[in-house]
Amino acid sequence: MTERTIVITGASDGIGASAARTFAMQGERVIVVGRSAEKTEAVANEIGADYFVSDFAELAQVRTLAAQLKEKYPRIDVLANNAGGIMGSRELTVDGHEKTFQVNHLAPFLLTTELIDVLTASHAMVINTSSVANSIFGKLDIDDLDAARSYSTNRAYGNAKLANILFTAELHNRYNTEGITTAAFHPGGVATNFAADSTSNMRVAYKSVLKRFMKTPEQGADTLVWLANTTPGHDWVSGAYYAKRRLAKANRQAYNTGLAKALWQRSEAMVAQDLDKLDQSA
């Protein structure tokens, strides 16, 4: 089998690091992306991978990451958009967007669209890490994506994870005929530092005795690895949402094609605002 080039964001820890280790052991060319320079370099050195450091709370860094990837890798076979997390009280990024929404959705949206020419030419898979929180907490208001009118930690996270699924569906609709296949998945409750800095009540589980009953990072990465190693159109359906290697039921809003299209358009406008700010400051 020909070596593939696999880019994994959020790969300095947890399921991203676990997936990176698995792919490296399988002989793939892995590119590790993370926010912490120290942790990202450590994972990369462990598996002999290239690495890049990028903080998704700053969209300029995402643009730089995309440019670096395009310059160094003319082919990308798999892009795993895995970076994300649940935050605390409402906070705006330097780009003026609610942090949960930006880190979990806008940044991977921007990275993917900036790489779209490489991804289509490579007939790439784009795998997006979502969460069952999309169904539990998600209630997306297309006119309040930055949660200016209504904010709670859990709802912001649920909406961002719902946005991941809507993005997956619309990415398929727009680019499947050009060669891109894509899926979103729920990794399960994984024993990581995922909610360590959050004010969500979910942090209690991650810091308590309940953590011992959660999945290991290896178990959490299983569906991601399965998607990357199997055949879309045969083993799984492009544009769909998975859990435990099976089609999963998402929030009813996830099946609204009009909402998926509107979210894409709004996301384009939101990341374009970031570019406009850079032009004005030049």
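**Notes on helix α10, the ring pairs and two positive phi values**

1. Let's start with His 123, bearing in mind that this is a predicted model. His 123 is exposed, with a relative accessible area of 56%. Its place is the loop between α5 (116-122) and β5. The backbone deserves a look here: phi of His 123 is near 50°, a positive value in a residue that isn't glycine. For context, most residues other than glycine have a negative phi.

2. Lys 244 is worth checking in the same way. Its phi is positive, about 50°, although Lys 244 is not a glycine. You'll find Lys 244 in the loop between β7 and β8 (246-247). With 65% relative accessibility, Lys 244 counts as exposed, since the cut-off for that is over 50%.

3. Now for helix α10 (residues 222-229). Six of its eight residues are buried, so the rest of the structure largely encloses this helix. The buried ones are Thr 223, Leu 224, Val 225, Trp 226, Leu 227 and Ala 228.

4. What do the buried residues of α10 pack against? The partners include two helices you can look up straight away, α1 (14-25) and α9 (217-220). On the strand side there are β4 (78-81), β5 (125-129), β6 (181-186) and β7 (240-243).

5. On to the aromatics: searching the whole structure turns up six aromatic pairs. One of them is Phe 109 with Phe 167, an edge-to-face pair at 5.6 Å centre to centre, with 65° between the planes. This pair ties together distant parts of the chain, as Phe 109 belongs to helix α4 (residues 99-114) and Phe 167 to helix α7 (residues 153-175), 58 residues apart. Phe 109 counts as buried at 1% relative accessibility, and Phe 167 is buried too, with a relative accessible area of 4%.

6. A second pair takes us back to α10. The ring centres of Trp 226 and Tyr 242 are 5.9 Å apart and the planes sit at 55°, so this pair is tilted; edge-to-face would need an angle over 60 degrees. Here again distant parts of the chain are linked, with Trp 226 in helix α10 and Tyr 242 in strand β7, 16 residues apart. Trp 226 and Tyr 242 are both buried. That fits with point 4, where β7 is among the elements that the buried residues of α10 pack against.

7. Which residues do ring pairs link into a cluster? They are Phe 109, Phe 167, Tyr 175 and Trp 264. Try displaying these four rings together when you go back to the Phe 109 and Phe 167 pair.

How values were computed: Residues are numbered from 1 along each chain as its sequence is written. This is a predicted model: local features need pLDDT of at least 70, side-chain atom pairs count only at pLDDT 80 or more; totals for chains, interfaces and linings use all residues. Side-chain values use heavy atoms; hydrogens and water are left out. Buried means under 20% relative accessible area, exposed over 50%, partly exposed in between (1.4 Å probe, protein chains only). Helices (H or I, at least four residues) and strands (E, at least two) are DSSP runs, numbered from the N terminus. Contact means heavy atoms within 4.5 Å. Rings of Phe, Tyr and Trp (its six-membered ring) pair if their centres lie within 6.5 Å; planes under 30 degrees apart count as stacked, over 60 as edge-to-face and the rest as tilted.
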